[in-house]
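Before reading on, take a moment to look over the chain as a whole and then follow the paragraphs below, which go from the inside of the fold to its sheet, its helices and its metal site.

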Amino acid sequence: METNIKLKNFSEWNLINDSRPVIISGPCSAETEEQTLETAVNLKQKGIHIFRAGIWKPRTRPNSFEGVGSVGLEWLKLVKKETGMLLATEVANVKHVYESLKAGIDILWIGARTTANPFAIQEIAEALKGMHIPVLVKNPVNPDIELWIGAIERMNKAGLTKIGAIHRGFSTYEKSIYRNIPQWQIPIELKTRIPRVPLFCDPSHISGNRDLLINISQKALDLNFDGLMIETHPNPDKAWSDPKQQITPDSLKKLINSLIIRREIPEGISLDTIEDIRYKIDQCDDELIEILEKRMNLVQSIGLYKKQNKMTILQSGRWETVLNKSIEKGEKKNLNKKFISNIFKSIHQESINKQTKIMNEL
Ligand code: PEP
Ligand code: MN
């Protein structure tokens with residue numbers, strides 16, 4: 001579905017003139033005035049200009065620490081006074097919005113559980129009508145791109161144009177090395193459908209631990225994300241929320257220094273070589289389409305034959321042979337097993353759809 005979303009690029013937000021990647025960092029939660037200030041002062045010394053801290057924490061289960069509440073806003077005001085950093089916090093309802101605006105918060109973010117709820121999003125959007133504050137919308141907990149786009153759309157309809165998106169991964173019932181699986185194709189599709197949306201990655205909530213942070217951050221940069229939101233704490237193991245995934249400001253600095261910054265088109269580069277490779281890739285893609293057309297024409301013939309001879313569409317033995325032989329051939333040519341299996345499953349599904357249509361035609 002088309003979107004009618006009109007946004008400003010990150011550079012048009014006129015917030016900071018940091019080069020890519022923009023880093024937003026700070027604790028999962030503001031816990032005490034000391035912890036909040038200590039983290040901010042340390043981050044500022046490391047060259048970070050945007051400070052995040054959760055004041056109200058939407059927790060999955062009750063009885064866990066649910067944030068310090070409004071008193072934390074006083075600590076954030078102190079952070080601004082002492083360091084001059086820009087402040088970002090999460091809002092989940094209208095009360096949070098009003099209190100944050102009153103406290104001079106510079107950037108609001110919408111948490112994953114809130115994005116999944118259009119009623120809450122609509123109320124927040126209406127409370128922000130006529131404001132120019134930047135809002136970062138996290139992806140919903142479930143892998144539903146329409147919900148994510150819908151939330152951005154509701155904010156935009158309320159007149160906001162500085163709207164960014166934060167990719168923080170998606171919940172899954174299955175066990176995974178990630179706390180929230182990245183499903184990179186979803187933020188990529190978001191960027192395709194809303195090209196101007198500034199895109200941030202939150203590797204902390206994707207990984208759920210410290211070990212995967214670098215890999216996820218590098219991957220986000222290689223996919224041309226504009227920035228990263230990473231949780232930091234002076235004493236991560238003692239954090240009141242998300243202790244396993246937080247790192248010290250020192251470790252954050254090391255992480256940033258180890259990232260390789262690649263650009264879509266680096267300055268001074270000649271495009272001749274890449275254009276030549278792209279030309280060949282386009283030729284391959286054309287050939288693929290022609291082969292698929294040829295294959296589907298054969299499916300048409302076999303469908304008619306099966307219909308005339310009252311044969312079932314699915315011939316399990318045959319499908320197994322086709323899949324296994326293709327995987328085997330692919331492996332000999334260094335093609336990933338899962339990749340080949342996905343392609344052939346998709347071709348087989350289309351072939352079944354086509355044959356079903358033929359069977360049902362009068
Ligand atoms: C957070 O940023 O601390 C947070 C609660 O994030 P999410 O909404 O992504 O779970
Ligand atoms: Mn957190």
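Which residues of the largest nonpolar core touch the most other members? In this predicted model, that core holds 63 residues, and those with the most contacts to other members are Phe 51, Leu 128, Val 135, Ile 152, Met 155 and Leu 190. Helix H6, which runs over residues 145-157, gives the most to this core, contributing six residues. Leu 190 shows what such packing looks like in detail: leaving aside neighbours within four places in sequence, Leu 190 is in contact with Ile 145, Trp 148, Ile 149 and Ile 152, and also with Ala 165, Val 197 and Leu 199. There is also a second core, separate from this one, which has 13 residues and includes Ile 24, Leu 86, Ile 107 and Leu 136.

The sheet comes next. Eight strands close into a barrel, following one another in the order S1-S2-S3-S4-S5-S6-S7-S8 with parallel pairing, and from one strand to the next the twist averages 25°. Strands of a sheet pair through backbone hydrogen bonds, and the pairing can be either parallel or antiparallel. As one example from the barrel, strand S2 (residues 50-52) pairs with strand S3 (residues 86-90) in the parallel sense over three bridges, and Ile 50 stands opposite Leu 86 in S3. Helix H1, made up of residues 33-45, packs on the sheet, where it touches strand S1 (22-26) as well as S2, and the direction of H1 makes about 155° with that of S2.

Another helix, H5 (residues 118-127), can be read through its buried residues, namely Ala 120, Ile 121, Ile 124, Ala 125 and Ala 127. Because these residues cover an arc of only 160° around the axis, they lie on the same side of H5. An α-helix has 3.6 residues a turn, so residues three or four places apart point the same way. Among the elements that cover the buried residues of H5 are helix H3 (94-102), strand S4 (107-110), helix H4 (112-115) and H6.

Finally, there is the metal site. The manganese ion (ligand 2) is coordinated by Cys 28 through SG, His 205 through NE2, Glu 231 through OE and Asp 242 through OD, at 2.0 to 2.4 Å. Along the sequence, the donor residues of this manganese ion are spaced C-x176-H-x25-E-x10-D. Glu 231 belongs to strand S8 (residues 227-231), whereas Asp 242, 11 residues apart from Glu 231, is in the loop between S8 and helix H10 (249-258). Both Glu 231 and Asp 242 are buried.

Key:
Residues are numbered from 1 along each chain as its sequence is written. Chains are lettered from A and ligands numbered from 1 in the order in which they are written. This is a predicted model: local features need pLDDT of at least 70, side-chain atom pairs count only at pLDDT 80 or more; totals for chains, interfaces and linings use all residues. Side-chain values use heavy atoms; hydrogens and water are left out. Two strands pair if DSSP finds at least two bridges between them. Helices (H or I, at least four residues) and strands (E, at least two) are DSSP runs, numbered from the N terminus. Axes are lines fitted to C-alpha atoms, for helices over the stretch in contact, and angles run from 0 to 180 degrees between N-to-C directions. Contact means heavy atoms within 4.5 Å. Donors are N, O and S atoms within 2.8 Å of the metal (3.2 Å for Na, K and Ca); water is not among the atoms, so sites may look incomplete. Buried means under 20% relative accessible area, exposed over 50%, partly exposed in between (1.4 Å probe, protein chains only). A nonpolar core is a set of buried Ala, Val, Leu, Ile, Met, Phe, Trp, Tyr and Cys residues joined through side-chain atoms within 4.5 Å. The arc is that of the directions from the helix axis to the C-beta atoms.
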